[in-house]
Amino acid sequence: MAAPYRLLFVCLGNICRSPAAEGVMRSLIEAKGFTDRVHIRSAGTGGWHAGKLPDQRMRNAAQNRGYELISRARQVTEGDLRDYDLILVMDRQNLRDVRSYDRSSEFGAKIRLFCDFCSVHQESEVPDPYYGGEQGFELVLDLLEDGCRGVLEHISSALA
Ligand code: 4NP
């Protein structure tokens, strides 16, 4: 069997948006029976929360929609750019930060804004919910559910 497709979600802290993206995407992949075909992880451009579970507010909001978030935060590495097939970042600052690891400008094509894959929502970034209220976490999940469907479609040719 071919090697699994490797998908990495990236935000700033790796405790809100990207672990939630990982949970939403994993749920979609499982529902399609592609669990062994796709390797899904997340990381943060910052390392302050390394080792931590996702933020409790994000975990609660996700759990209300049936997603269990159990990943542990870690910081992006230069090796991730080589190792992953697609790196989806939540906002433009993440894009700049991840690109800064791409010193020989080899990997630009696989580093993409997550919202490029949304079809219902018009936002171009997934807003950081960390300093806001509950609504922010719901918006994150709305955007993630929209975009992850697009991501599934995008990678499905690689899974056939
Ligand atoms: P995330 O949210 O990037 O979606 O994980 C944040 C989490 C923590 C912080 C900022 C954003 N922080 O400043 O600690």
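# Helix packing and loop residues in a predicted model

His49 lies in the loop that runs between strand E2 (38-44) and H2. The structure described here is a predicted model, and every value quoted below was computed from it. With a relative accessibility of 14%, His49 counts as buried, because buried means under 20% relative accessible area. If residues up to four places away in sequence are not counted, His49 touches Gly13, Ile15, Ala73 and Tyr130.

## Helices that pack against H5

The loop of His49 leads to helix H2, and this helix is a good place to begin with the packing of helices. Helix H2 (residues 56-64) packs with helix H5 (residues 134-159) at an angle of about 55°, and their axes are 10 Å apart. H2 and H5 are therefore oblique to each other, and their crossing is right-handed. On the side of H2 the contact is made by Arg57, Met58, Ala61 and Ala62, while H5 contributes Phe137, Glu138, Val140 and Leu141. Sorted by class, the residues of this contact of H2 with H5 comprise 6 nonpolar, no polar and 2 charged.

Helix H1 (residues 17-31) also packs with H5, here at an angle of about 50° and with the axes 9 Å apart. H1 and H5 are therefore likewise oblique to each other, and H1 passes H5 in a right-handed crossing. From H1, the residues Arg17, Ala20, Ala21, Val24, Met25, Leu28 and Ile29 take part, and in H5 they meet Val140, Leu141, Leu144, Glu145, Cys148, Arg149, Val151, Leu152 and Ile155. The contact of H1 with H5 has 13 nonpolar, no polar and 3 charged residues. Val140 and Leu141 of H5 are named in the contact with H2, and Val140 and Leu141 also appear in the contact with H1.

## Cysteines

One of the H5 residues that meet H1 is Cys148, which leads to the question of the cysteines. How many disulfides does the structure hold? The structure holds 0 disulfides. Cys115 is in no disulfide, and the nearest cysteine sulfur, which belongs to Cys118, is 4.3 Å away. A disulfide would need a pair of cysteine sulfur atoms within 2.5 Å. For Cys148, the closest cysteine sulfur is that of Cys118 at 8.5 Å, which is too far for a bond. Is Cys148 buried or exposed? Cys148 is buried, because its relative accessible area is 0%, and Cys115 also counts as buried, at 7% relative accessibility.

## Residues in the loops

Several further residues lie in loops, and for three of them a C-alpha distance to a residue elsewhere along the chain is available.

| Residue | Partner | Separation along the chain | C-alpha distance |
|---|---|---|---|
| Arg74 | Gly44 | 30 residues | 6.2 Å |
| Asp116 | Leu88 | 28 residues | 9.4 Å |
| Phe107 | Asp85 | 22 residues | 9.5 Å |

Arg74 is found in the loop between H2 and helix H3 (78-83), and it is partly exposed, with a relative accessible area of 28%. Leaving aside its neighbours within four places in sequence, Arg74 is in contact with Leu8, Asn14, Ser42, Ala43, Gly44, Asp80 and Tyr84. Gly44, the partner of Arg74 in the table, is thus also one of the residues that Arg74 contacts.

Asn14, another of the contacts of Arg74, has its place in the loop between strand E1 (5-11) and H1. Asn14 is buried, with a relative accessible area of 1%, and it has a positive phi of about 60° although it is not a glycine.

Ser105 also has a positive phi in a residue other than glycine, with a value near 50°. Ser105 lies in the loop between H4 and E4, and it counts as exposed, because its relative accessibility is 62%.

Phe107 is found in the loop between helix H4 (92-99) and strand E4 (111-113). At 18% relative accessibility, Phe107 counts as buried, because the limit for this class is under 20% relative accessible area. Not counting residues up to four places away in sequence, Phe107 touches Leu81, Arg82 and Asp102.

Asp116 lies in the loop that runs between E4 and H5. With a relative accessible area of 47%, Asp116 is partly exposed, because a residue counts as exposed over 50%.

Note on methods: Residues are numbered from 1 along each chain as its sequence is written. This is a predicted model: local features need pLDDT of at least 70, side-chain atom pairs count only at pLDDT 80 or more; totals for chains, interfaces and linings use all residues. Side-chain values use heavy atoms; hydrogens and water are left out. Axes are lines fitted to C-alpha atoms, for helices over the stretch in contact, and angles run from 0 to 180 degrees between N-to-C directions. Helices (H or I, at least four residues) and strands (E, at least two) are DSSP runs, numbered from the N terminus. Angles under 35 degrees count as roughly parallel, over 145 as roughly antiparallel, 65 to 115 as roughly perpendicular and the rest as oblique. A crossing is left-handed if the near helix is turned anticlockwise from the far one by less than a right angle, and right-handed if clockwise. Contact means heavy atoms within 4.5 Å. Ala, Val, Leu, Ile, Met, Phe, Trp, Tyr, Cys and Pro count as nonpolar, Asp, Glu, Lys and Arg as charged, and the others, Gly among them, as polar. Buried means under 20% relative accessible area, exposed over 50%, partly exposed in between (1.4 Å probe, protein chains only).
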